[in-house]
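Visitor: I'd like to learn how to read salt bridges in a model. Can you walk me through it?

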Amino acid sequence: GRGYPVDRKTLVPAQHRLTISHPRIVRIFNELKSLDIDTYPNAGAVLFRVFIELSADCYITKYALSAVNVDSRLGKKLEAIIADLESKLIMTAHELRAAKQMSSSQTQNNSVKTFHSYVHNKDVTPSATDLKSAWEDLWTFTENIWR
């Protein structure tokens with residue numbers, strides 16, 4: 001949830017901990033905990049996008065979600081994970097609101113479309129503040145992917 005200082009220097013607050021089963025994804029998570037997001041917002045944005053996608057891939061594989069695979073579009077992967085978490089009563093519709101916005105919104109700063117633009121659109125510039133807000137909004141969802 002909230003309550004982590006937005007004036008922190010990193011995307012991921014020091015207090016955020018995950019038990020990640022994949023060595024490369026652990027390293028990415030730790031890089032996001034130490035990279036100065038104010039100085040390196042582009043690196044942080046791209047790495048954040050990679051972290052979300054690889055986390056989604058691990059969940060899809062672990063729980064053998066049949067509607068998607070690692071080659072599916074990120075939005076579709078997130079929709080399948082959202083549906084799975086909701087059907088298992090792990091998260092409520094209200095708790096999943098930010099994740100649902102990520103998979104469907106065209107404009108939210110945590111949307112797949114925005115993350116895609118950080119990687120592929122030379123005219124879209126990530127801001128450290130937007131990235132930190134997106135991390136906060138998606139934290140509970142991220143925790144549940146790795147629970």
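**Reading the salt bridges**

Guide: Let's start inside one helix of this predicted model. E79 and K76 both sit in helix α3, 3 residues apart, which is about one turn of the helix. Their side chains form a salt bridge, 3.6 Å from N to O.

Visitor: What is the general idea behind such a pairing?

Guide: Side chains of opposite charge can pair when their charged atoms come close.

Visitor: Are E79 and K76 buried, partly exposed or exposed?

Guide: E79 counts as partly exposed because its relative accessibility is 34%, and K76 is partly exposed too, at 38%. The range for that label lies between 20% and 50%.

Visitor: How many salt bridges does the whole structure have?

Guide: A search finds 10. One of them joins the side chains of E53 and K77, at 2.6 Å from N to O. This pair connects distant parts of the chain, with E53 in helix α2 and K77 in helix α3, 24 residues apart. Both E53 and K77 are buried.

Visitor: And where do D123 and K122 fall, buried or exposed?

Guide: D123 is exposed, at 60% relative accessibility, and so is K122, at 75%. Their side chains meet in a salt bridge of 3.1 Å, N to O.

Visitor: Which residues are joined into one network by salt bridges that share partners?

Guide: Those are R49, E53, D57 and K77. You've already met E53 and K77 as the buried pair.

Terms used:
Residues numbered from 1 in each chain as written. Predicted model: local features only at pLDDT ≥ 70, side-chain atom pairs only at ≥ 80, totals over all residues. Heavy atoms only, no water. Salt bridge = Lys/Arg side-chain N within 4 Å of Asp/Glu carboxyl O. Helix = DSSP H or I, 4+ residues; strand = E, 2+ residues; numbered from the N terminus. Buried < 20%, exposed > 50% of the residue type's maximum accessible area, 1.4 Å probe, protein only.
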